[in-house]
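Keep the structure open beside the text. The tour goes from the chain as a whole to its sheets, then to a helix and a pocket.

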Amino acid sequence: MIINPSHNCTWSYNNGKLVINLTTDDGESYQLDTNYRVDDLDVRPENNEPFCVFDANLLTEYQDGISKLISDEGTVLSIGLRAVACMRFARVGCPYSKIFTPVSSRQIVPSKGMFVNIYSKNGNYGHCIVLDEKDADGLVRLMLLSEELEVMENRGFSNGMMIRVAPEYVCRYEEHMLKYA
């Protein structure tokens, strides 16, 4: 499904979470839960705020990258919309490079929508999508696709969280290890 102004796509809230309301080409309405609680948002869109041109451009970039690895259109759209919500509205955390390991043999140049891996110093890895290849601090913004990523005992990230790291910590995606929600 391609999102365009005739689809009446809006941001709103349901049960304390940010959601996206979509209307398909054949007039059916859907609501996609972004998994972001209102308290997790840095920027809070107005209730029923329209999906803007900037949102649509981000979605297109993310879907282009996602569709290189996933063929199911619904999954591509779902991950893409959650990535837009993360990039636009999620609270931007501090840099986390110090808890990850650079892996020079697998290092890549990240681009929006690309699937990548990051490896914690304790040996765990996470699958991510690149939200922004270089933010104002020169860091790569990623959204975790894995269900969870433990980086220290009783500390980690869960699906959909934003992770900011230096570019040298972003590694080549290894397809056989993909687990996304």
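Helices and strands here are DSSP runs, numbered from the N terminus; a helix needs at least four residues and a strand at least two. The model is predicted. The protein has two helices and eleven strands. Their order from the N terminus on is β-β-β-β-α-α-β-β-β-β-β-β-β. The radius of gyration is 16 Å, close to the 16 Å that the globule rule gives for 181 residues, so the protein is as compact as a globular protein of that length. Along the principal axes, the C-alpha atoms fill a box of roughly 50 × 35 × 30 Å.

Start with the sheet of four strands. This sheet is open, its pairing is antiparallel, and the strand order is β3-β2-β1-β4. The edges belong to β3 (29-37) and β4 (49-50). Each has a single partner strand, so one side of each is left without a neighbour in the sheet.

Now look at β2 and β3. Strand β2 covers residues 17-23 and pairs with β3 in the antiparallel sense over six bridges. Two positions help you trace the pairing. V19 has D33 in β3 as its bridge partner, and T23 stands opposite S29 in β3. The two strands form a hairpin, with five residues between them. In the turn, G27 has a positive phi of about 85°. One general point helps when reading side chains here. In a regular strand, side chains alternate between the two faces of the sheet.

Next comes the sheet of five strands. It is also open, with antiparallel pairing, in the order β10-β7-β6-β5-β11. Here β10 (162-165) and β11 (171-172) stand at the edges. Each pairs with a single strand, so one side of each lacks a neighbour in the sheet. Strand β5 (residues 115-119) runs antiparallel to β11, and two bridges join them. N117 stands opposite C171 in β11.

Which strands does α2 lie across? In the sheet of five strands, α2 lies across β6 (125-132), β7 (140-144) and β10. Its direction there is at about 70° to β6. Return to β3 for the other sheet, where it is an edge strand. Helix α2 (residues 73-89) packs on that sheet too, touching β1 (10-14), β2, β3 and β4. The helix direction makes about 45° with that of β3.

Finish at the largest pocket, which holds about 260 Å³ of space. It is lined by 13 residues, and D40, A90, R91, M161 and M162 are the closest to its centre. The lining divides into six nonpolar, five polar and two charged residues.

Note on methods:
Residues numbered from 1 in each chain as written. Predicted model: local features only at pLDDT ≥ 70, side-chain atom pairs only at ≥ 80, totals over all residues. Heavy atoms only, no water. Pairing = 2+ DSSP bridges. Contact = heavy atoms within 4.5 Å. Axes fitted to C-alpha atoms, helices over the stretch in contact; angles between N-to-C directions. 1 Å grid on protein atoms, 1.4 Å probe; cavity = no way out; pocket = protein on both sides within 12 Å on 5 of 7 lines; lining within 4 Å. Points joined across faces, edges and corners; volume = space filled by probe spheres on them. Nonpolar A, V, L, I, M, F, W, Y, C, P; charged D, E, K, R; others polar. Rg over C-alpha atoms; globule rule 2.2 N^0.38 Å.
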